[in-house]
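The following exercises concern the structure displayed below. Each consists of a task and a solution set out in steps.

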Amino acid sequence: MTPTVRTVLPNGLVVLLREVHTAPVATFWAWYRVGSRNEVPGITGISHWVEHMLFKGTPTLGKGEFPRLVNRHGGTWNGFTWKDFTAYFETLPAEHVDLGIRIESDRMVNTLFEPAEVESERTVIISEREGAENNPEYALYEEVESAAYRVHAYRHAVIGYKSDLWAITRDDLYHHYRAFYAPNNAVVVAVGDFDSADLLTRITDAFGGIPAAAAPPAVRSVEPPQEGERRVVVRRPGGAVPIVQMAFHAPAVTSPDFFPLLLVDGVLSGFKGPGVFGGEGLGVRSSRLYRALVERELAVEAGSACRPARDPTLFEVGATLRPEVAPERVEAAILDELRRVGDEPVGQDELARVRKQARAQWVYAADGVSPQAVLLGSMEIVADAGFLETFWDRLSAVTPEAMREAAARTFSERNRTVGWYFPEPGGSTVSSGDAVEVPHDA
Amino acid sequence: MPDAPRPARGRVAVPITPEQIVRQRLANGAVVLVRESRAASAMTVRGYLRAGAVCDPEGREGLALLTASLLTRGSASHTSESLGLALDSLGATLSVRADIEGVSFAVHCLSEDASALLDLLGEVLTQPTFPPDEIEKQRVKLITGIRESRNDTRAMADKTFRAAAYPAGHPYHRPLEGEEETVAPLGRDDLAAFHGRWYHPRGAVVAVVGDVQAAQVVARLDSALSGWRVGPPSDLPAVPAAGPAASVQRRTVAIPGKTQADIVLGVPGFARASPDFYAAMMADLILGRLGLMGRLGATLRDEEGLAYYVYSQAQAGLLAGPWAVRAGVSPKNLDRAITGIVREIQGLQREPVRDGELEDAQEYLTGSLAVRLETDAGIAQSLLDIELFDLGLDYLLRYPGLIRGVTPEQIGAAAVRYLRLDGYTVATAVPA
């Protein structure tokens, strides 16, 4: 990947610029150090809701105008919220990158929180949550996560609890926005076909006048060590086969154990890439979980995830069972594999395979300006400025023994939360009927 | 609108022109297209074969999907396990997947492994062995997927819509994955026979983009696919005509354990080759895609707060796929949402463009070429479409003219012709 220029403006805004001239496009991103980790009971889901409100317009650009303008200039756009951050982007033909600068500098401080818009968005977000609730795997994951954490805000889903979504007020939203949306709590990233010095001037013009705000409130809660296995069960109709999930407390991205665990994850289910959201599914079929569970006909799918996170997080393992297979057997097979990776160092061939997958993910992630901006922005927030520069050296330095030790430390009984989903009986019914009456002059 | 930057008209970045593409028909009839690109030290392949579920015999639905899934599970020189190991050792992917109209295959690998992957691709496509134990594994996976989809409101709304909107015998009427009873009896002979009949090089397209030498890619594929039996011509099965229903049809599926209802409301749409394609596609953009999901998003989501997702989509392929609006809503808002969707369709027919929507759609379609063709995968997919739909390698040069030639009257006419308010189908999957 080409070098990145990192600048910090006097108001605290971090600017990351990477020139890529392979195609005449550029992507512009605004990242904020706010997500569900910054939420307390009663306002869960508020960061995500604020993200939705940032599409509702400002005094100069009305509701719906941001997406419309970006499309009209041949661009794509979106926003998303995660535990550690909230991000917005516009990917455009390179000559229109200033549109991204204009939109993001405007809505960083000028977003309208009209009460009527807050109310119409409330039901949109509840609809988003209810769509997820239809999926038993999601329901189980929500239970596992909240059982694994007792204290830290990672315990609740980014979307938030439904009761909170009914109760959050316009003023709650506005307060959250003012507390976290400021240049000193943000990172802007541009990747693409531009001249960095020129672009930095334009970014400085647009964002430099926005005053820094008071430092946002820090996350105080620290998850205490777990002292024994926790188990949860979800029973409900609406699924076809049981699901088994496991979660183990794992360190933050800044821990020396992170890189060994990233490779352990690669051994278990294929190397996913350096970022928070992983890359293509590489290395799945020769991975240990696939061989132990899918090839041995216990599960139709099996996987694991070790995502970089700002605070101590979870190493997750999961399997969707074959019909007629008891979850006890699948759980035992998963635990065997986790024990093995903590007992015996990984062999050279197997490690070489995972390292090649890592190299491939790195190369693949350079095709397209947006994936590069995702890596730059997310890792600046989750890890630190030097994380990607040192990524390869630190990954290469990991020894099989360090992997074994990290696995043994992580995959212990006392550190484990196990969740089972059982589908309850209940069949679908089909009916046909008349169409609803539609007034022809509605 | 206040001082918004003006889009530059007419400047389009075009990575596909006759000069930039090597196009070669191999001796066996397969067409290879290559574009060299130095964006990443990798190779991306997208390919297509006419061996989709449209070829499934009556009562054997799921055969095309199962056959495709077995291609990477055993071939002349590889067991399933050794192929998995070979791919994983290279950090590469090689996938083959059947859809309703055809089979798509894809490769992603580092440039240093390009030759090895092209060889593997050739072996997988032309010499699968269909090991019985691997068939069983894939069959269980397929049946599990069928059972899961019966519990999935989005999947069931879609399946129910297609069964009602398309006539029996039409490939869009039938489920791609089949039913448990059609998948259960499929045996090795069925898969081998399906492969023998439908997997042939005539009509096959392979698009390759990346840090490769075009001449080497063509030579390697020529060799890797040289054993491919040309075979007697097999015309694709005849497909019955599909059009609007005689009256509005409504179907409901109730599924226990659910919170949200999903809606699919639409009609059989238009094929990619239809003369209505450009106008209808722009009607679709205005109805439910542009900006925040077009007019549907502006009213049903943004104003009324009814749905997190509500959008329209026209699947214009070799056949006329569905042109449908999809939405997820609270069950208590189901009728209100359906009424709102119909109201927006009526509005589109009466007033196809308003407030600069024509320019929005035109500028988006022409301007977004650069972004759509930014990645190797984007270029490969476009090359595939250009070949599959016989658009010509100068297509992207002609494209802005085609888009700017569409009039509001044509957009309105397309909306009236297809989105028939006296013959649409609405399928809902609701909590039981």
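## Exercise 1. Two helices of chain B

In H12(B), the residues Gln362(B), Leu365(B) and Thr366(B) meet Tyr399(B), Pro400(B), Ile403(B) and Arg404(B) of H15(B). The structure is a predicted model.

Task. Determine whether H12(B) and H15(B) are roughly parallel or roughly antiparallel to each other, and classify the residues of their contact.

Solution.
- Step 1. Helix H12 of chain B spans residues 357-367 and helix H15 of chain B spans residues 395-404; their axes come within 10 Å and cross at roughly 170°.
- Step 2. Angles over 145 degrees count as roughly antiparallel. H12(B) and H15(B) are therefore roughly antiparallel to each other.
- Step 3. The contact of H12(B) with H15(B) comprises 4 nonpolar, 2 polar and 1 charged residues.

## Exercise 2. A second helix pair of chain B

Task. State how H9(B) and H10(B) are oriented to each other, and name the residues that meet.

Solution.
- Step 1. Helix H9 (residues 277-288) and helix H10 (residues 290-303) of chain B pack with their axes 4 Å apart, at an angle of about 85°.
- Step 2. The range from 65 to 115 degrees counts as roughly perpendicular. H9(B) and H10(B) are therefore roughly perpendicular to each other.
- Step 3. H9(B) contributes Leu285(B), Ile286(B), Leu287(B) and Gly288(B), which meet Leu290(B), Met293(B), Gly294(B), Arg295(B), Leu296(B) and Gly297(B) in H10(B).
- Step 4. By class, the contact of H9(B) with H10(B) holds 6 nonpolar, 3 polar and 1 charged residues.

## Exercise 3. The six-stranded sheet of chain A

Task. Which strands stand at the edges of the open sheet of 6 strands in chain A, and which helix packs on the sheet?

Solution.
- Step 1. The strand order is S1-S2-S6-S3-S5-S4 (chain A), and the pairing is mixed.
- Step 2. Strand S1 (5-8) and strand S4 (76-81) of chain A are at the edges; each has a single partner strand, so one side of each lacks a neighbour in the sheet.
- Step 3. The average twist from one strand to the next is 15°.
- Step 4. S1(A) and S2(A) run antiparallel and are joined by 4 bridges. Within this part of the sheet, Arg6(A) stands opposite Leu16(A) in S2(A).
- Step 5. Helix H13 (residues 369-382) of chain A packs on the sheet and touches S2, S3, S5 and S6 of chain A; the direction of H13 makes about 155° with that of S6(A).

## Exercise 4. The five-stranded sheet of chain A

Task. Describe the open sheet of 5 strands in chain A, including its edge strands.

Solution.
- Step 1. The order is S7-S11-S8-S10-S9 (chain A), with mixed pairing.
- Step 2. Strand S7 (230-236) and strand S9 (299-306) of chain A are the edge strands, each of which pairs on one side only.
- Step 3. S9(A) is joined by 7 bridges to strand S10 (residues 313-321) of chain A, and the two run antiparallel. Ser304(A) stands opposite Val317(A) in S10(A).
- Step 4. Helix H10 (residues 288-295) of chain A packs on the sheet, where H10 touches S9 and S10 of chain A; its direction makes about 160° with that of S9(A).

## Exercise 5. Domains within each chain

Task. For each chain, identify which element gives the most to the side of domain 1 that touches domain 2.

Solution.
- Step 1. Chain A is divided into domain 1 (5-207) and domain 2 (230-423). Their centres, taken over C-alpha atoms, are separated by 27 Å.
- Step 2. Domain 1 of chain A brings 35 residues to the contact and domain 2 of chain A brings 30 residues. Within domain 1 of chain A, H5(A) gives the most to the side that touches domain 2, with 10 residues. That side divides into 22 nonpolar, 4 polar and 9 charged residues.
- Step 3. Chain B is assigned domain 1 (22-224) and domain 2 (249-431), with centres over C-alpha atoms 28 Å apart.
- Step 4. In chain B, 31 residues of domain 1 are in contact with 33 residues of domain 2. The largest share of the domain 1 side, 10 residues, comes from H5(B). The residues of that side are 18 nonpolar, 6 polar and 7 charged.

Key:
Residues are numbered from 1 along each chain as its sequence is written. Chains are lettered from A and ligands numbered from 1 in the order in which they are written. This is a predicted model: local features need pLDDT of at least 70, side-chain atom pairs count only at pLDDT 80 or more; totals for chains, interfaces and linings use all residues. Domain bounds come from an automatic or database domain assignment. Two residues are in contact if their C-beta atoms, placed from the backbone, lie within 7 Å. Ala, Val, Leu, Ile, Met, Phe, Trp, Tyr, Cys and Pro count as nonpolar, Asp, Glu, Lys and Arg as charged, and the others, Gly among them, as polar. Axes are lines fitted to C-alpha atoms, for helices over the stretch in contact, and angles run from 0 to 180 degrees between N-to-C directions. Angles under 35 degrees count as roughly parallel, over 145 as roughly antiparallel, 65 to 115 as roughly perpendicular and the rest as oblique. Two strands pair if DSSP finds at least two bridges between them.
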